[in-house]
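Hi there,

Here is the structure I promised to pass on to you. Please open it alongside this email, and then read on for my notes.

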Amino acid sequence: MQAFKELGISDPILKSLEEHGFEKPSEIQEKTIKLVIEGKDVIAGASTGSGKTLAFGSGILQNTKKDYGVQALVLTPTRELADQIADALDNFSKHDPLSISAIYGGVSIIPQIKQLEYADIIVGTPGRILDHIERGTIDLSNIKTLVLDEADRMLDMGFIDDVKTIINNCPKKRQTLLFSATISQDIVLLAQDYMNNPIEVSAESHVDPSKLKQIYYDVDDNLKYSLLKHLLEIEKAKLVMVFCNTRSNVDFVSNNLKFMGIESLPIHGGFSQEKRSRILEQFHSKEVHVLVCTDVAARGLDIKGVSHIYNYDTPNDANEYIHRIGRTARAGKEGKVINVVSSRDYDNFRNVLDIEGVKIEHVETPYVPRVRIRWMPETKGQRYARRHNIGDRGSGSRGGDRRGGYSRGGSSRGGYGGRGSSRDSGRGGSYGGRDSRGSSYGRTGDRRSSGGSRGGSYGNRDNRRSDNKNPVGRNKARRERKSRYD
Ligand code: AMP
């Protein structure tokens, strides 16, 4: 506690830190807390898990007086992170309570308008804060400290104009704190325009590199899901996060795991806020051990006890890789990152391998039988038919008939099995019977087209995103890329 005291933290906050079992400051706290309390502008290079909430939180809590209007505004990229930070600030200020409100979209604005009348500190996402500014339901004229948390993510998500408008609505004379895992040129420009002689500090995250094992498997596109399922079954894990780049891949992975008896929770921006919060609670409480998520749905969340990170899709942005792996090997615990890499990930994976200091070991892909895909997202035609009540045109309800089709699909199965068995006889007649070890990407492509022409055989189910010859597919891919930040 002495070390926290020496940084200038007040007694009521010290008391709550003691109750939380915090013994000594993390690196970012050591470097930042004093500066924040003194009212300096700070640019902090710190990522998830570094202890950044207390790093900016202790200063803003003790510089805020109850019932003097909103004196601190923390902007975060996601709703979940806003909730998490507001909860942490609530806990830290337990012995000298302040009114701290989390303000974000996806929920009714009416109760927020009431809360804003007596809030001392606001933690919010840019869109909804801007909405309140436009409605005149938020008063930022008493702001003393503005925090831009996960600033790189906010810019990546296209919030730059919203953020600038919000900053322009805060008093010119204020303290500005910018926290970001990566300090890009855009961040530097933002700091130049809106900060006052900022002091730069940086710190490693809590992730202990000696406890973090990073590996990758190089697998055929159409065995990707099968390998994931196999690894989930054989790896001894506590909590597991499976990252996908798109909402539809989250649904695809999670629904198929469910059909195959592996309970998992999907989370992405297509769900209501209420559902997202409920899912995170279930995962936090370890009711279900596997969370299948997009980056932003899980951004910045502090989830303890994550032992395995799976990258089902390699992130498009190499920095995102750093964010993802920061969820494990924290606080002295072991962690493992497993990259399931197939040809559609190659470009992204090359960028990840270029990240300084990142060492990912190649592991020989084990033999995995191809599992039967049981759930597929609705196609455009099916969605149209459903929305216009046209009847199912033989395609059936979501997943249902197609699934039936698979199990009845003797011809396609026979086709695959037949080809597989001639090549892989003696391998136990597994589905498709292919051994991923021996496969080459070129051959996969050929096989896919011949398998696919056999009336929707499994062959092209797991790799549907790479079907870019089809203009509908291309549009879909574009839409998915747009909605990636969920
Ligand atoms: P944050 O990066 O602020 O999300 O913090 C990550 C996790 O580390 C949270 O669970 C904090 O409660 C915890 N934490 C933060 N600072 C400390 C500290 N000095 N000692 C122990 N745990 C800490």
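Below are notes on the two sheets and on the ligand.

Before anything else, please keep in mind that this is a predicted model.

Let's begin with the sheets. One of them is an open sheet of seven strands, paired in parallel, and its order reads β3-β4-β2-β5-β6-β1-β7. At its edges you will find β3 (100-103) and β7 (199-202), each of which pairs on one side only. Ignoring direction, neighbouring strands in this sheet are turned against each other by 15° on average. If you would like a place to zoom in, try β5 (residues 145-148) and β6 (residues 175-180), which pair in the parallel sense over four bridges. There, Thr145 stands opposite Gln175 of β6.

There is also an open sheet of seven strands with the order β10-β11-β9-β12-β13-β8-β14, again with parallel pairing. Its edges are formed by β10 (265-267) and β14 (361-362); each has a single partner strand, so one side of each has no neighbour in the sheet. Within this sheet, β12 (residues 306-311) and β13 (residues 335-341) are joined in the parallel sense by four bridges. Here His308 has Lys336 in β13 as its bridge partner.

As general background, the strands of a sheet pair through backbone hydrogen bonds, either parallel or antiparallel.

Now for the ligand. Where does the ligand lie with respect to domain 1 and domain 2? Both domain 1 (2-202) and domain 2 (209-362) give residues to the shell around the ligand, so the ligand lies between them. There are 15 residues around the ligand, and those that come nearest are Lys24, Gln29, Gly51, Thr53 and Asp302. By type, the shell is made up of three nonpolar, seven polar and five charged residues.

A few contacts are worth a look on screen. The side chain of Gln29 places an N or O atom 2.7 Å from a nitrogen atom of the ligand. On the backbone side, a polar atom of Gly51 is 2.8 Å from an oxygen atom of the ligand, and a backbone N or O atom of Ser50 is 3.2 Å from a ligand oxygen atom. Taken alone, the ligand exposes 490 Å², of which the protein buries 81%.

Enjoy exploring!

Best wishes

Definitions and conventions. Residues are numbered from 1 along each chain as its sequence is written. This is a predicted model: local features need pLDDT of at least 70, side-chain atom pairs count only at pLDDT 80 or more; totals for chains, interfaces and linings use all residues. Side-chain values use heavy atoms; hydrogens and water are left out. A residue is near a molecule or strand if one of its heavy atoms lies within 4 Å of it. A polar contact is a pair of N or O atoms within 3.5 Å; within protein, one must be able to donate a hydrogen and the other to accept it, and residues adjacent in sequence count only if both atoms are side-chain atoms. Accessible areas come from the Shrake-Rupley method with a 1.4 Å probe; for residues, only the protein chains shown count as cover. Ala, Val, Leu, Ile, Met, Phe, Trp, Tyr, Cys and Pro count as nonpolar, Asp, Glu, Lys and Arg as charged, and the others, Gly among them, as polar. Domain bounds come from an automatic or database domain assignment. Two strands pair if DSSP finds at least two bridges between them. Helices (H or I, at least four residues) and strands (E, at least two) are DSSP runs, numbered from the N terminus. Axes are lines fitted to C-alpha atoms, for helices over the stretch in contact, and angles run from 0 to 180 degrees between N-to-C directions.
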